[in-house]
Amino acid sequence: EGEDAASAVSSAQAPGSGHHSFCSVFSFPPLVDMSHVTSTPLGQGPEMIQEHWLRYFCEKEEKEALLAWMAQEGLSRPRAFEERVAHAEKLRKLGNDWYNKDDFRRALHCLMGAVYTLDWMPTEQMGQSEEQRAQVSELMMPVMSNVTMVFLKRGDFANAEKAATCGLRCATKLPAEETVALRAKLHYRRGLARGQDGPSHDFDGARADLVEAAKLEPSNHEIRKCLENCKVLRTEERKKDPIRYQARETAAPKEEKESIEGAAETESEATGPPGLPPLLEKFAEVVGKCLGKSRRAYRNVRQGQLITVMRDAFHYRIAITSCLIALLAILIGYRFAAS
């Protein structure tokens, strides 16, 4: 999918740098309020015979320009379902090719063409099988991920956030275990978009996205590093705001700690625990057995089982002695380490 996401922000153009071509306006259309229409039953109004996906990205004039460009390039949308899915995949790959050549305008055109190709009216969707709907969602997710990346490279962070949101909306229609990688990527890229200055600036939202991305990919060091940077910037921003200022930053939220700890656990599982010399391993085994015996003896004392206590008295003394030896060894080791 082109260059790494972390380099997108550094090489992006500044917001408002003159992008007035097609797709320069990217706004969600208001929900159609049909409550005042009493003669039209719900589900049978004009919203059922309109394609909605492209309306999230393009105004009417921009859509007309897109269709004219597709016809000019010989990329007009076919009619049959299987042909449209194959055509959308072709446009997605063309967008990737242009992206790798740093031609983000053409890449965006191709990707919007893929969105248009996968756009069906609700009345048409009602005639599709569950398998066909899942097939559309599976292809729409990587398309939206690429659209997000292109908007990041163009410095259009507000649109990048909205494109990532569309991709995550598609993920809700698919099994969670099948979308882990793409959901992590979409949350990460939306976190990058929300961390930039502009209409979509929201450090709290960026942190939430990065925490979710860290949960989905706990071994991804890039996500964890970005999350730490977000925490620092978020703290600085709060200190600059006199209303929300706190002299001492509160501890990290529970879910953020869990994600970081989970990442550390996964990393330790991958590398494995450090090995011990045979002598120390045997010593640890003996101390562990003695501690277990002392615990059983203590439990018997509390329960009043004197016969058992008398029988375990010898082991109890051994356990106490072993604990003292272990404590002494720890203190000696700490003293040498400190010196």
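Here are four short exercises on side-chain contacts, each with a worked solution.

This is a predicted model, where local features need pLDDT of at least 70, side-chain atom pairs count only at pLDDT 80 or more, and totals for chains, interfaces and linings use all residues. Residues are numbered from 1 along each chain as its sequence is written, and side-chain values use heavy atoms, with hydrogens and water left out.

**Exercise 1.** Work out where serine 145 sits and what its side chain touches.

*Solution.* Start with the helix: serine 145 belongs to H6, residues 130-153 (helices are DSSP runs of H or I with at least four residues, numbered from the N terminus). Next, check accessibility: serine 145 has a relative accessible area of 0%, so it's buried (buried means under 20% relative accessible area, exposed over 50%, partly exposed in between, with a 1.4 Å probe and protein chains only). Finally, look for a partner: its side chain makes a polar contact with the side chain of arginine 189 at 2.9 Å (a pair of N or O atoms within 3.5 Å; within protein, one must be able to donate a hydrogen and the other to accept it, and residues adjacent in sequence count only if both atoms are side-chain atoms).

**Exercise 2.** Describe the salt bridge between arginine 92 and glutamate 89.

*Solution.* Distance comes up front: the N to O separation is 2.8 Å (the cut-off is a side-chain nitrogen of Lys or Arg within 4 Å of a carboxyl oxygen of Asp or Glu). Then the spacing: both residues lie in helix H3 (residues 81-100), and because they're three residues apart, about one helical turn separates them. Now the burial: arginine 92 is buried at 15% relative accessibility, while glutamate 89, at 22%, is partly exposed.

**Exercise 3.** Find which helices are linked by the pair arginine 190 and aspartate 209.

*Solution.* Confirm the bridge: these two side chains meet in a salt bridge, 2.9 Å from N to O. Then place the ends: arginine 190 is in helix H8 (residues 180-194) and aspartate 209 in helix H9 (residues 203-216), so the pair links distant parts of the chain, 19 residues apart. Both arginine 190 and aspartate 209 are buried.

**Exercise 4.** Do the same for aspartate 204 and arginine 234, then zoom out.

*Solution.* The closest N and O atoms of this salt bridge are 2.6 Å apart. Aspartate 204 is in helix H9 and arginine 234 in helix H10 (residues 221-240), 30 residues apart. Aspartate 204 is partly exposed at 30% relative accessibility, whereas arginine 234 is buried at 13%. Zooming out, shared salt-bridge partners join Glu161, Arg190, Arg194 and Asp209 into one network, and the whole structure has ten salt bridges.

Terms used: Helices (H or I, at least four residues) and strands (E, at least two) are DSSP runs, numbered from the N terminus.
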